[in-house]
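Trainee: I would like a close look at a single part of this model, set against the protein as a whole. Please keep it to what can be computed from the atoms.

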Amino acid sequence: AFDDATAADRWVGFFMFAAVSAGSPVYRRMLGIERDRPWLFLLVRIQLVLPLLLMTSLLTDLYPEAMRLAMMLMLPMVGLYLWLAWCRWRQGHRDGLFLALSSAAIAAGTVPLMLSLLGVYAGDLWVLHSRQIAQFMNVLTIQLAVIARLRETETARFEAEARARQAESRAAVEGAAQREHRQFIAMLTHELRTPLAVIDGAVQALEYLHQPDDEDTRLRFRRIRRSVGRINGLVKQFLAKDRVDDARLSVRPVALDGVALAENRAPIPLAD
């Protein structure tokens, strides 16, 4: 069984392993390390899993070596997080500065402890308390980074909502303009087609009643009717283009037997 001092030391080790592992998902989310950056994602996964595996050493005599391995893992990861946070800050994200300060705080607490464990640096009061001070600074700066991220997200949401409202206003104005345009086209075509129909009917009536014998008179009647038909065709084309340009028009593809159509044995299917 462990004595009180050993048990306390192992409990400290347990929480240190847990802290190293728990930092992985936090920094991964805050720094945007996803699967599209495979080698970074792999390193973060190693930081998540390896300390959990090293926890088994708390019940053995391999605990000091396991702790050294965890600290050796922390040093390059802290440097990596510091570099990524600095790059994020340079891109204009305010939370990157706090993430960089968080990584620097971890390095300030980890490096002296690591040197002490390796026997390079003799333990003193700073080494004993550096880890606790670093953890406090880490928690504080992480909270500031989260607050900065939330404010940035809220600002982006407000801007997106403002753009959406502007787009809705533009769509409403464009919709009103399109309705007025369609009403104008309907009125114009009605005003054109009605007198054209009267002219065409009058020409047909004159031709039927008089039954002209000379070719010149019949040719004049035909020219009048052709001119009326040509104007009617232009009006129909104009109406068809207006319908095609209507935003409410949707395309509904349907199956078509090309062979039967080529052989003129099947009508082209039309939308309902």
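What percentage of the residues in the protein is buried? And, for the close look, which residues is R88 in contact with, leaving aside its neighbours within four places in sequence?

Mentor: The model is predicted, and every value below is computed from it. Of the 272 residues in the protein, 27% are buried. The secondary structure consists of seven helices and zero strands, and the pattern along the sequence is α-α-α-α-α-α-α. The accessible surface is about 18,600 Å², with 65% of it belonging to carbon and sulfur atoms. Taking contacts between residues at least 6 apart in sequence, 68% join residues at least 24 apart.

Now to the part you asked about. R88 sits in helix α3, which covers residues 63-90. Its relative accessibility is 16%, so R88 counts as buried, the cut-off being under 20%. Leaving aside neighbours within four places in sequence, the contacts of R88 are M30, H93, D95, G96, R149 and E152. With one of these residues, D95, there is also a polar contact between side chains, at 3.1 Å.

D95 is the other end of that pair. It belongs to helix α4, residues 95-117, so the polar contact links a residue of α3 to a residue of α4. D95 has a relative accessible area of 0% and is therefore buried. Its contacts, with neighbours within four places in sequence left out, are M30, R88, A145, A148, R149 and E152. M30, R149 and E152 appear in the contact list of R88 and again in that of D95. D95 also has a partner in space that is distant in sequence: L144 is 49 residues away along the chain, yet the two C-alpha atoms are 7.5 Å apart.

A second side-chain pair can be set beside this one. Q47 lies in helix α2, residues 38-54, and at 2% relative accessibility it is buried because the value falls under 20%. The side chains of Q47 and Y81 make a polar contact of 2.4 Å. Outside the four places on either side in sequence, Q47 is in contact with V20, S21, G23, S24, L73, M74, M77 and Y81.

G23, one of those contacts of Q47, leads on to a pocket. The second largest pocket has a volume of about 250 Å³. It is lined by 16 residues, and those closest to its centre are A19, G23, Y27, I106 and N138. Helices α1 (4-31), α3 and α5 (125-210) each give two or more residues to this lining. Sorted by class, the lining has 10 nonpolar, five polar and one charged residues.

For a case further along the sequence, take V235 in helix α6, residues 215-244. With a relative accessible area of 7%, V235 is buried. Residues up to four places away in sequence aside, V235 touches T189, L192 and R193. T189 is 46 residues from V235 in sequence, with a C-alpha to C-alpha distance of 6.5 Å.

To return to your question: R88 is a buried residue, joined through its side chain to D95 at 3.1 Å, and D95 is itself buried.

Note on methods. Residues are numbered from 1 along each chain as its sequence is written. This is a predicted model: local features need pLDDT of at least 70, side-chain atom pairs count only at pLDDT 80 or more; totals for chains, interfaces and linings use all residues. Side-chain values use heavy atoms; hydrogens and water are left out. Helices (H or I, at least four residues) and strands (E, at least two) are DSSP runs, numbered from the N terminus. Buried means under 20% relative accessible area, exposed over 50%, partly exposed in between (1.4 Å probe, protein chains only). A polar contact is a pair of N or O atoms within 3.5 Å; within protein, one must be able to donate a hydrogen and the other to accept it, and residues adjacent in sequence count only if both atoms are side-chain atoms. Contact means heavy atoms within 4.5 Å. On a 1 Å grid over the protein atoms alone, a cavity is a set of points where a 1.4 Å probe fits but cannot get out, and a pocket is an open set with protein on both sides within 12 Å along at least five of seven lines; lining residues have an atom within 4 Å of a point. Grid points are joined across faces, edges and corners, and a volume is the space filled by probe spheres set on the points. Ala, Val, Leu, Ile, Met, Phe, Trp, Tyr, Cys and Pro count as nonpolar, Asp, Glu, Lys and Arg as charged, and the others, Gly among them, as polar. Accessible areas come from the Shrake-Rupley method with a 1.4 Å probe; for residues, only the protein chains shown count as cover.
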